[in-house]
Amino acid sequence: MNIFGKKKKIVLPVIQGDGQDVKVRCNSCGRLIDYDTLKENYKICPYCGYHFRMSATERISVLADKGTFDELGEPIQSVDVLNFTDTVPYKKRLADLKDTVGLPNAILAGSGKIGGIQCAIGVFAFEFLNGTLGSATGEKLAELIRFAGKNSLPLVVVFSSAGERVQEGIFSLMQVAKTVSALNAYKEKEGSLFISVLTNPVLGGVASIAMAGDVIIAESGSYVGVSGPRISEYVMKRSLPKEAQKVENLMKRGFVDIITDRKGLKDTIIRILKFQNKWGKL
Amino acid sequence: MKLLPFEKPLEILYKELERRKRNGEDTLHLEELIEKQMEEIYKKLTPFDTVLVARHPDRPQPQDYINALLTDFTEFHGDRVSEDDPALIAGFGFFKGMPVFAMGTRKGHNIHERLKYHSGMLSPSGFRKAARLVETVSHSFKVPIISFVDTPGAMVSPQSEMSGQVEAIYKSLSALLNANVPVISVITGEGGGLGAIGISTGDRILMLTYSYFAVVSPEAGSAILFKNTEAKSRVASQLHLTARELLSLNVIDGIIEEPLGGAQRFKNAVIKSVGDALQSELETLLKEPVTELKKRRLEKYESMGVFTK
Ligand SMILES: [Zn+2]
């Protein structure tokens with residue numbers, strides 16, 4: 001069942017093009033949009049407001065102040081620890097991703113300024129195996145959290161993830177405990193502030209990590225919950241109405257502080273950072 | 001007893017045994033034969049067969065262990081926010097004379113119970129009950145925590161999503177990591193995904209021989225990767241979900257052996273083995289200062305994972 005009455009395709013990163021004539025068809029309203037217009041508009045459809053998915057690098061470019069983002073530490077690579085093969089060997093998937101996405105794992109983490117305020121910033125890369133939580137991704141996120149604690153920085157993480165990564169089995173699940181443990185240590189520090197940003201979608205254990213936010217901001221129209229539609233359909237033998245995972249509804253039920261569209265996201269984060277009393281700084 | 005698909009060769013022998021018993025004939029030789037056959041079968045279980053044993057309705061379930069191993073067990077109810085989730089049994093009792101807090105998923109041995117307890121899938125109120133009580137134990141009661149896990153996963157329904165399932169799991173997981181008392185978990189049957197890790201993080205994770213612990217159930221894994229559930233057996237093999245594999249990957253701390261044939265056939269013996277294992281682990285854990293325990297617990301989880309730099 002799709003309560004919106006139309007089938008939504010998974011949004012792939014927009015076609016890489018530099019010419020004036022590159023057009024993109026909106027997943028929601030079906031209209032053709034000039035690619036440059038779309039890019040300038042935070043990848044929001046100018047006709048219907050549909051939020052196209054952003055890559056991690058695009059996210060950083062609209063979130064961090066220009067030229068301030070520094071990637072943290074050494075790159076951490078995912079490993080095929082279980083010798084897993086689904087329709088394609090996991091080893092091959094990882095090798096291909098290195099070429100196509102150019103990231104070693106599903107998170108871009110570093111330090112940078114947001115509205116002039118130094119922060120520890122993490123951005124999930126949905127283009128890397130749907131932003132799933134492999135060991136390398138979990139380790140990088142934990143490294144970022146520890147870095148934020150050590151340097152007394154506010155922590156801002158933009159989540160977009162399909163949840164655990166099946167190909168890394170139990171090690172993926174354990175990353176949930178790992179990052180929650182790191183977050184607990186961070187949160188024990190006076191003046192620590194974890195701003196969690198939910199974008200479409202955030203699922204499974206990654207959603208549990210995201211719910212640890214001291215402040216939870218959601219991009220309008222995002223979906224957050226335990227599992228995606230495939231699990232409900234094939235395993236629970238019944239479909240889960242999408243409305244149940246919509247952030248607008250989760251805000252009504254008390255699980256989200258603020259909802260904003262993508263254009264207003266950075267300003268919202270800056271305001272929250274400014275609401276923090278400097279005396280409360282670690 | 002319900003026979004599992006791979007136990008089919010035993011069916012005819014069981015029938016013959018019944019007939020001989022009815023007629024008062026000698027059964028000793030036949031019983032030996034059955035035992036031998038069973039051993040042969042159980043020595044060759046595939047990971048997916050193990051999953052089927054883990055799900056057997058006659059296996060002892062958390063409430064059975066709690067009732068058998070604890071005296072004066074007193075159940076506590078409610079998450080203090082919304083309701084009492086009957087799928088989580090939680091309370092205090094004496095284990096070999098020592099006060100402990102025990103919790104576990106109620107799964108149910110028949111259809112009626114399974115419906116009532118959602119087959120051991122916790123709702124947000126279940127995880128919140130766990131979190132609330134773990135905090136109370138850690139702060140006020142100062143006794144060890146024993147968590148028995150047998151769950152196919154966390155509840156997924158419109159109701160549970162709207163009541164903040166992912167947030168509730170975070171609360172429970174976080175409370176267990178923060179607990180200032182020893183925490184031991186025993187996976188007695190199914191250890192399904194987030195639902196399992198949300199109530200099992202601790203100083204020691206023990207598994208029964210025919211239990212499983214996985215990021216997702218084989219069916220869900222197959223649905224995610226192949227868009228159907230046909231590949232469940234293949235996925236089960238690749239997930240490394242059996243106690244032996246997880247011990248060799250250093251994800252769990254010990255295995256409580258079940259006789260060949262499984263806990264569903266040897267209930268009392270397995271319950272006793274679980275009690276013995278808990279006693280020996282508790283003796284070790286209680287020798288250490290709790291600050292040291294907690295430090296090592298966090299180090300253990302923060303070092304989990306395999307990657308390269
Ligand atoms: Zn549109």
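Q: Before we look at the metal site, what do buried, exposed and partly exposed stand for?
A: Buried is under 20% relative accessible area, exposed is over 50%, and partly exposed is in between. Keep in mind that this is a predicted model. Here, Cys29(A) has a relative accessibility of 31%, so it counts as partly exposed. Cys26(A), on the other hand, is buried, at 4%.

Q: Which residues coordinate the zinc ion?
A: Look for donor atoms around the metal. The SG atoms of Cys26(A), Cys29(A), Cys45(A) and Cys48(A) coordinate the zinc ion, at 2.3 to 2.4 Å. Along the chain, these donors follow the spacing C-x2-C-x15-C-x2-C.

Q: And how do I read the arrangement of the four donor atoms around the zinc ion?
A: Check the angles: four donors count as tetrahedral if all of them lie between 85 and 135 degrees. At this site the donor atoms subtend angles of 107 to 112°, so the arrangement is tetrahedral.

Q: What about backbone oddities, such as the sign of phi?
A: Most residues other than glycine have a negative phi, and most peptide bonds are trans. Tyr42(A) has a positive phi, near 55°. You'll find Tyr42(A) in the loop between α1 (35-40) and α2 of chain A, and its 30% relative accessibility makes it partly exposed. Asn83(A) isn't a glycine either, yet its phi is positive, about 55°. This residue sits in the loop between β4 (77-78) and α3 (90-100) of chain A and counts as exposed, at 54%.

Q: Where is the cis peptide bond?
A: Go to the bond from Asn200(A) to Pro201(A), which is cis with omega near -15°. Pro201(A) belongs to strand β8 (residues 194-203) of chain A.

Q: How do I describe two helices that pack, say α2(A) and α9(A)?
A: Start with the axes. Those of α2 (residues 56-63) and α9 (residues 262-275) of chain A come within 10 Å and cross at roughly 55°. That makes α2(A) oblique to α9(A). Then list the residues: Arg59(A), Val62(A) and Leu63(A) of α2(A) meet Arg262(A), Leu265(A), Lys266(A) and Ile269(A) of α9(A). Sorted by class, this contact has four nonpolar, three charged and no polar residues.

Q: Last one: is Glu143(A) buried or exposed?
A: Use the cut-off again: under 20% is buried. Glu143(A) has a relative accessible area of 18%, so it is buried. Glu143(A) is part of helix α4 (residues 135-150) of chain A. Leaving aside residues up to four places away in sequence, Glu143(A) touches Leu72(A), Gly73(A) and Ile76(A).

Conventions. Residues numbered from 1 in each chain as written. Chains lettered and ligands numbered in written order. Predicted model: local features only at pLDDT ≥ 70, side-chain atom pairs only at ≥ 80, totals over all residues. Heavy atoms only, no water. Axes fitted to C-alpha atoms, helices over the stretch in contact; angles between N-to-C directions. Helix = DSSP H or I, 4+ residues; strand = E, 2+ residues; numbered from the N terminus. Parallel < 35°, antiparallel > 145°, perpendicular 65-115°, else oblique. Contact = heavy atoms within 4.5 Å. Nonpolar A, V, L, I, M, F, W, Y, C, P; charged D, E, K, R; others polar. Donors = N, O, S within 2.8 Å, 3.2 Å for Na, K, Ca; no water. Tetrahedral: all angles 85-135°; square planar, octahedral: opposite > 155°, others 65-115°. Buried < 20%, exposed > 50% of the residue type's maximum accessible area, 1.4 Å probe, protein only.
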